Amino acid sequence: MTAVLVLADLTPSGVRKASLELLTIARGLGEPAALVFGSPSEADIATLGEYGAQSVYVVSSPEVDQYLSLPKAEAVVDLAGRLQPAAILVTSGPEGKDIAARAAVRLGSGIVTDAIGVSLDGGRVTATQSVVAGQFHATTAITKGIPVVTVRPNAVSAEPAPASPTVESLEVAFSDAAKGATVTAREPKASSGRPDLTDAAVVVAGGRGVGSAEGMAVIEQLADALGGAVGATRAITDLSWASHDLQVGQTGKTVAPSLYVAAGVSGAIQHRAGMQSSKTIVAVNKDPKAPIFQISDFRGGRRPPRGAPRPGRRTRPAQGLTGQMTTEAPLRQGLPTC
Ligand SMILES: Cc1cc2nc3c(=O)[nH]c(=O)nc-3n(C[C@H](O)[C@H](O)[C@H](O)COP(=O)(O)OP(=O)(O)OC[C@H]3O[C@@H](n4cnc5c(N)ncnc54)[C@H](O)[C@@H]3O)c2cc1C
């Protein structure tokens, strides 16, 4: 069976959950082969095997730490040259997309970023994206080279499929160009103890309706009670009520948790672009006409307006659109008050 190359991320607490999701997707395309950087522990290898990695390639050269993303991209290209995989899967995120884009250029491959699904269609790798603030799904067939796809965290559930992977150390001859920018210092960010925003299964987000920086304490308490991450709108990160790295949206982070609680968030299209793929959305807003209620599953606040649509998800057919855009994404409107 053809290999599918998965770039797996290691964290101090083990293999990143998003990488296990990639392995789950990879199993539908071929035989998962994981590429990891650094020094994976036995437990890391076992976890990769538990989620279906048939082989694990380890690049532990100091270059991957000393320089920016180019050595990692070159390692991906090197391994892709050896394996000729059916696809290369990378987790969406600033570094992942950087590596994926550089690898795709060097391989002469087509690339799709921020996919929410990857499948085989008639032998071709196709990637599905959630576009136009989540109102449409766009499906793209990658026709050139080894398809490179970056996949959003939480797009699928990681499902175990135990395997006993072979482990191979990979020596890569890095180019001079890859060593063009040296990392001179790394300063770990103070940890909030909460899950990473892009990986979290639960996100509680505050908007201007929280009233003040102090109002965000309630959001944080709820996030902690639910074991979730804290998110924010751009309005309040601009006001310094929350830090910029918590911003969700078009110019912030993209999240797709199982539960997204939006408190005092109007639901501007730029915010929705970053959270509309969440599986369940709970919105709390005093304005019954706030746009966030157009996509929420449950609502809190004042009573819904008289004549509001009855509960239940709807799928609205696309009109006047052709090609590969389909309205598979539900438009969630007028749902129950909680
Ligand atoms: C190019 C561009 C990119 C952008 N990118 C982003 C982005 O990435 N992310 C993002 O979030 N925004 C982004 N924005 C900004 C976006 O357009 C909105 O301005 C912003 O999302 C609004 O934030 P908000 O919902 O907190 O504030 P507001 O729009 O002011 O909404 C506050 C809401 O709180 C409600 N409220 C007030 N008091 C209460 C109360 N006591 N109880 C309950 N509800 C209450 C109000 O009814 C209102 O709906 C971008 C804008 C542009 C132009």
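Two strands count as paired when DSSP finds at least two bridges between them. In this predicted model, strands E6 and E10 meet that condition, pairing in the parallel sense over four bridges. Within this pair, Thr-91 stands opposite Val-151 in E10.

Strand E10 also has a second partner. E7 pairs with E10, again in the parallel sense, over three bridges. Here Ile-111 stands opposite Val-148 in E10. The residues of E10 point in two directions: Val-148 and Thr-150 go one way, Val-149 and Val-151 go the other, and all of them are buried.

Thr-91 leads on to another part of the chain. Ser-19, which is found in helix H1 (residues 17-26), lies 72 residues from Thr-91 in sequence, yet the two are 6.8 Å apart in space, C-alpha to C-alpha. Setting aside neighbours within four places in sequence, Ser-19 is in contact with Val-6, Ala-8, Asp-9 and Thr-91. Is Ser-19 buried or exposed? A residue is buried if 20 or more other C-beta atoms lie within 10 Å of its own. Ser-19 has 28 within that distance, so it is buried.

Helix H5 covers residues 94-107. At 1.5 Å a residue, its 14 residues should span 20 Å, and this agrees with its end C-alpha atoms, which are 20 Å apart. Which residues of H5 are buried? They are Gly-96, Ile-99, Ala-100, Arg-102, Ala-103, Ala-104 and Leu-107. In an α-helix there are 3.6 residues a turn, so residues three or four places apart point the same way. The cover over the buried residues of H5 includes strand E1 (3-7), helix H4 (70-83), strand E6 (88-91), strand E7 (111-121) and strand E10 (148-151). Just after H5, Gly-108 takes a positive phi of about 65°.

Further along the chain is an open sheet. Five strands form it in the order E13-E12-E14-E15-E16, with parallel pairing. Strand E13 (229-232) and strand E16 (298-301) stand at the edges; each has a single partner strand, so one side of each is left without a neighbour in the sheet. On average, neighbouring strands of this sheet are turned by 20° against each other, direction ignored. At one edge, four bridges join strand E15 (residues 280-285) to E16, and Val-284 stands opposite Gly-300 in E16. Helix H6 (residues 216-226) lies across E13, strand E12 (202-206) and strand E14 (259-263), and runs at about 175° to E12.

The model also contains a ligand. Of the 26 residues around the ligand, Gly-207, Gly-209, Ala-235, Gly-249 and Ser-266 come nearest. Which elements supply at least two residues of this shell? Among them are helix H7 (234-238), helix H8 (269-272) and E15, the last of these being also a strand of the open sheet. The largest share, three residues, comes from H7. By type, the shell divides into 15 polar residues, seven nonpolar and four charged.

Some totals describe the whole protein chain. Its secondary structure comes to eight helices and 17 strands. Of its 338 residues, 45% count as buried. Among contacts between residues at least 6 apart in sequence, 67% join residues at least 24 apart. Ser-19 and Thr-91, 72 residues apart in sequence and in contact, are one such pair.

Technical notes: Residues are numbered from 1 along each chain as its sequence is written. This is a predicted model: local features need pLDDT of at least 70, side-chain atom pairs count only at pLDDT 80 or more; totals for chains, interfaces and linings use all residues. Axes are lines fitted to C-alpha atoms, for helices over the stretch in contact, and angles run from 0 to 180 degrees between N-to-C directions. Two residues are in contact if their C-beta atoms, placed from the backbone, lie within 7 Å. A residue is near a molecule or strand if its C-beta atom, placed from the backbone, lies within 6 Å of it. Ala, Val, Leu, Ile, Met, Phe, Trp, Tyr, Cys and Pro count as nonpolar, Asp, Glu, Lys and Arg as charged, and the others, Gly among them, as polar. The expected span of a helix is 1.5 Å times one less than its number of residues. A residue is buried if 20 or more other C-beta atoms lie within 10 Å of its own, exposed if 12 or fewer, and partly exposed in between; C-beta atoms are placed from the backbone.
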